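Visitor: Hi! I'm new to this one and would love a quick tour. Can we pull it up?

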There are 2 protein chains.
Amino acid sequence: MEKYDCLKLENQLCFPLYACAKEIVRKYTPHLNQLDLTYTQYIAMMVLWEQEEVTVSELGRCLYLDSGTLTPLLKKLESKGLITRRRSEADERIVLVRITPEGMKLRERAAGIPPQIGNCLNLSPEEAKTMYDLCYKVLKCL
Amino acid sequence: MEKYDCLKLENQLCFPLYACAKEIVRKYTPHLNQLDLTYTQYIAMMVLWEQEEVTVSELGRCLYLDSGTLTPLLKKLESKGLITRRRSEADERIVLVRITPEGMKLRERAAGIPPQIGNCLNLSPEEAKTMYDLCYKVLKCL
DNA sequence: TATAATTAAATTGTAAACAATATAATTGAA
DNA sequence: TTCAATTATATTGTTTACAATTTAATTATA
């Protein structure tokens, strides 16, 4: 065990994780292009397909993103007519993000995507589950 | 099993992977700031600490990055004096990236970082190994 | 009640990422 | 040999990401 072994790319856990995430997102891209969505826009829509209205900060907690990322992204989704943004009347600091009927319609077409990605990952259901659990274990303790 | 279940964030494998990679990179940031490196610059340096000279495309294959990302990044590292860039004489299309003594010096300080990250991941060595293997399994089949 | 502290979003600035395209050098085929 | 394909890198344009800061609203405290 040499002094600098821990600096070898092949001994890193973070690097394959980083590369893997990046490459899977790239796999999504051609499918998402058909919906005119980027990956980040897509996961934001996922939250809204489940929950008609959320605040920007709730969305940020769900997606591990901050307002610096979300504000321009949400403006983009708004300009496409998929969501609306309005200040809460009860607390003017809060912006409420709501999905539009147009946005809800996309769900149908989006539902075809995950199975197609799943198929090309080459993992057994057990392996996928293991990976899923390990990711959340890391995320929980940051 | 409902029609849209596959669109729930909690049923995605890609999302936790994406979030996990992002959050770990964020963990690196304060340590890398002390070396005046970003994460991507850091993994590029990792390749060069192992291999004194590489072409841009070799580096891209190692890191799963293309010239659109690497060119500006390498110019940055060059401006910091950590690497040099020059065209190959045998084939003028190729750019050779070489680490400088200055760049080599950084290795010493960088060696302290991986252990600190490892400690806060909350994974057993076996879990880390499993995750590592699964990432590479996915990467291999893209 | 006045003011300090906190909170929520937005803004600014920098870097990363990549598709698409451009440029230039090299290789291959007619 | 000439010109078409290929290869390597660079450039352009868009989006992502985030730290740091700003603005505005709300809450807590003196």
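Visitor: Which parts of DNA strand C come within 4 Å of the protein, sugar or phosphate, or bases?

Guide: Of the atoms of strand C within 4 Å of the protein, 77% belong to sugar or phosphate, and the rest to bases. Before we go on: this is a predicted model, where local features need pLDDT of at least 70 and side-chain atom pairs count only at pLDDT 80 or more, while totals for chains, interfaces and linings use all residues. Residues are numbered from 1 along each chain as its sequence is written, chains are lettered from A and ligands numbered from 1 in the order in which they are written, and side-chain values use heavy atoms, leaving out hydrogens and water.

Visitor: Thanks! How many residues surround DNA strand C?

Guide: 29 residues do, where near means that a heavy atom of the residue lies within 4 Å of the strand. The closest are S67(A), T71(A), R85(A), T38(B) and K76(B).

Visitor: And by class, what are the residues of that surface?

Guide: There are 11 charged, 10 polar and eight nonpolar residues. Here Asp, Glu, Lys and Arg count as charged, Ala, Val, Leu, Ile, Met, Phe, Trp, Tyr, Cys and Pro as nonpolar, and the others, Gly among them, as polar.

Visitor: Where is a phosphate oxygen 2.8 Å from a side chain?

Guide: At S57(A), an N or O atom of the side chain is 2.8 Å from a phosphate oxygen of DNA strand C. A polar side-chain atom of T40(B) also lies 2.8 Å from a phosphate oxygen of that strand. For R26(A), the distance is 3.3 Å.

Visitor: New topic: is L35(A) buried or exposed?

Guide: L35(A) is buried, because its relative accessibility is 8%; buried means under 20% relative accessible area, exposed over 50%, and partly exposed in between, with a 1.4 Å probe and protein chains only.

Visitor: What is L35(A) in contact with?

Guide: Leaving aside neighbours within four places in sequence, L35(A) is in contact with L106(A), R109(A), A110(A) and I113(A). Contact means heavy atoms within 4.5 Å. L35(A) and L106(A) are 71 residues apart in sequence, yet 7.4 Å apart in space, C-alpha to C-alpha.

Visitor: Last one: how is chain A laid on chain B?

Guide: A turn of 180° with a shift of 0.0 Å along the axis does it, giving an RMSD of 0.0 Å. The two copies are therefore related as by a two-fold rotation axis. The superposition is by least squares on the C-alpha atoms of residues with pLDDT of at least 70 in both.

Definitions and conventions:
A polar contact is a pair of N or O atoms within 3.5 Å; within protein, one must be able to donate a hydrogen and the other to accept it, and residues adjacent in sequence count only if both atoms are side-chain atoms.
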